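Student: Could we go through this structure by question and answer? I will ask, and each reply should end on the value or name I want.

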Amino acid sequence: MSRFNVGIINKNSWKREHPLPVAGSLVMMCEQGYLDITINSRRFIMHRGEIAFIVFDMVAVPIMVSEDFKAKYIAIDFDAAQDAFFLVTSNRFWEYVYSTPVFSLNDNVKGIAHMWFKTVEWIYANCSDMTTEKVFRNEMENFMLVMAEQVESCKGLLGENPVKNRAWTIVNDFLGLLNRHYTRHHDVAFYADKLNITPNYLNIIAKKNIGVSAKEQINIQLGLVVKMLLDTTDLTVKEIAGKLHYEDPSYLCRIFRKQTGLSPIQYRNQHKKPI
């Protein structure tokens, strides 16, 4: 199976109000129309010339797509995203992406982005699988380095790239595992065992690298998914708890209230769309 996929997204590409399946990373550049999307329960409108970075641990749900919406995209699997994205760019850039996953490019960078998409489309359509795999990695790394530097420079964030040590890599692997297993596994021990480290060490290095412990990150991920299900479905709290493999819905409600200050029902009532 290819580690990369390239194509065009339009109005019929996704089911409205269903989460996007993102295995590693998805880069989109809007060519026309608009996309109304929530990412980690925050709403963004993507217009022509804007770019979006959506990664594996984001919960992205299209809400409304214009009839003429069209965007180029590149989808990258988890391992390729690790290699081509996270290891070559700074934490500052990804902090910006997580806070602003949809953003505008200045005219110079917009032109470079268009040319880059055309280049990778040509490679994908005309080269053998073996050549595509090799060339794509270089193209992705080069593009991400340029994109990160331009964004950081425009936002006044440019500086020396912090060293990404072994602990940073382990935490990133933990986030990838969490995205795959959060519906069934809510305990730190499960992820620590997969990573061949102790739960205490995973909590410590997670706190140092992403600002919250591994347990807190598990609860944050669950909270985002609960918000998405409350916003986009008519599932009861008991049904949502069942989907997330909680035998006791009240425990999930306590986690949710701690994060939001609201019960799931209060949250749904406050965010219910007007008829």
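Student: Is Asn196 buried or exposed?
Tutor: This is a predicted model. Asn196 is found in the loop between α6 (188-194) and α7 (199-210). Exposed residues have over 50% relative accessible area. Asn196 has a relative accessibility of 72%, so this residue counts as exposed.

Student: What value is phi of Asn196 near?
Tutor: Most residues other than glycine have a negative phi. Asn196 is a residue other than glycine with a positive phi, near 60°.

Student: Where does His245 lie, and what is its relative accessible area?
Tutor: His245 lies in the loop between α9 (237-243) and α10 (249-260). Its phi is positive, near 60°, in a residue other than glycine. His245 is partly exposed, with a relative accessible area of 38%.

Student: Which residue in the turn between β3 and β4 has a positive phi?
Tutor: Strand β4 covers residues 42-46, and five bridges join β3 to β4, which run antiparallel. Within that pairing, Asp36 stands opposite Ile45. The two strands form a hairpin with two residues between them, and the turn residue with a positive phi, about 50°, is Asn40.

Student: Which residues of β3 are buried on each side?
Tutor: In a regular strand the side chains alternate between the two faces of the sheet. Five of the five residues of β3 are buried, so the strand is largely enclosed by the rest of the structure. Both faces are covered: on one side the buried residues are Leu35, Ile37 and Ile39, and on the other they are Asp36 and Thr38.

Student: In β6, what is the bridge partner of Asp36?
Tutor: Strand β3 (residues 35-39) is joined to β6 by five bridges, and the two run antiparallel. Thr38 stands opposite Val61 in β6. For Asp36, the bridge partner in β6 is Met64.

Student: How many residues of strand β6 are buried?
Tutor: Strand β6 takes in residues 60-65. It is largely enclosed by the rest of the structure, because the buried residues number five of the six.

Student: Which residue of β7 stands opposite Met29?
Tutor: Strand β1 (residues 4-10) is joined to β7 by seven bridges and runs antiparallel to it; there, the partner of Ile9 is Ala71. Strand β2 (residues 25-32) is also joined to β7 by seven bridges, again antiparallel. Opposite Met29 in β7 stands Lys72.

Student: Why is strand β7 described as largely enclosed?
Tutor: Strand β7 covers residues 70-76. It is largely enclosed by the rest of the structure because its buried residues number five of the seven.

Student: Which element gives the most to the lining of the largest pocket?
Tutor: The largest pocket holds about 620 Å³ of space. β1, β2, β7 and α8 each supply at least two residues of its lining. With four residues, the element that gives the most is α8.

Student: Which residues lie nearest the centre of the largest pocket?
Tutor: By class, the lining has 22 nonpolar, eight polar and three charged residues. It consists of 33 residues, and those nearest the centre are Leu20, Pro21, Val22, Ala23 and Gly24.

Student: How many residues of α8 are buried?
Tutor: Helix α8 reaches 27 Å from its first C-alpha to its last, close to the 27 Å expected at 1.5 Å a residue. It is mostly covered, and of its 19 residues the buried ones number 14.

Student: What is the relative accessible area of Gln217?
Tutor: Gln217 is placed in helix α8 (residues 214-232). Not counting residues up to four places away in sequence, it touches Phe174, Leu175, Leu178, Ile210 and Val212. Buried means under 20%, and Gln217 is buried, at 13%.

Student: How far apart in space are Asp173 and Asp79?
Tutor: Asp173 lies in helix α5 (residues 166-181) and is partly exposed, with a relative accessible area of 23%. Not counting residues up to four places away in sequence, Asp173 touches Gln82 and Leu195. Asp173 and Asp79 are 94 residues apart in sequence, and their C-alpha to C-alpha distance is 9.6 Å.

Student: How far does helix α4 reach from its first C-alpha to its last?
Tutor: Helix α4 (residues 129-154) has 26 residues. Its buried residues include Phe136, Met140, Phe143 and Met147. Its expected span at 1.5 Å a residue is 38 Å, and close to that is its reach of 36 Å.

Conventions. Residues numbered from 1 in each chain as written. Predicted model: local features only at pLDDT ≥ 70, side-chain atom pairs only at ≥ 80, totals over all residues. Heavy atoms only, no water. Buried < 20%, exposed > 50% of the residue type's maximum accessible area, 1.4 Å probe, protein only. Pairing = 2+ DSSP bridges. Contact = heavy atoms within 4.5 Å. 1 Å grid on protein atoms, 1.4 Å probe; cavity = no way out; pocket = protein on both sides within 12 Å on 5 of 7 lines; lining within 4 Å. Points joined across faces, edges and corners; volume = space filled by probe spheres on them. Nonpolar A, V, L, I, M, F, W, Y, C, P; charged D, E, K, R; others polar. Expected span 1.5 Å × (residues − 1).
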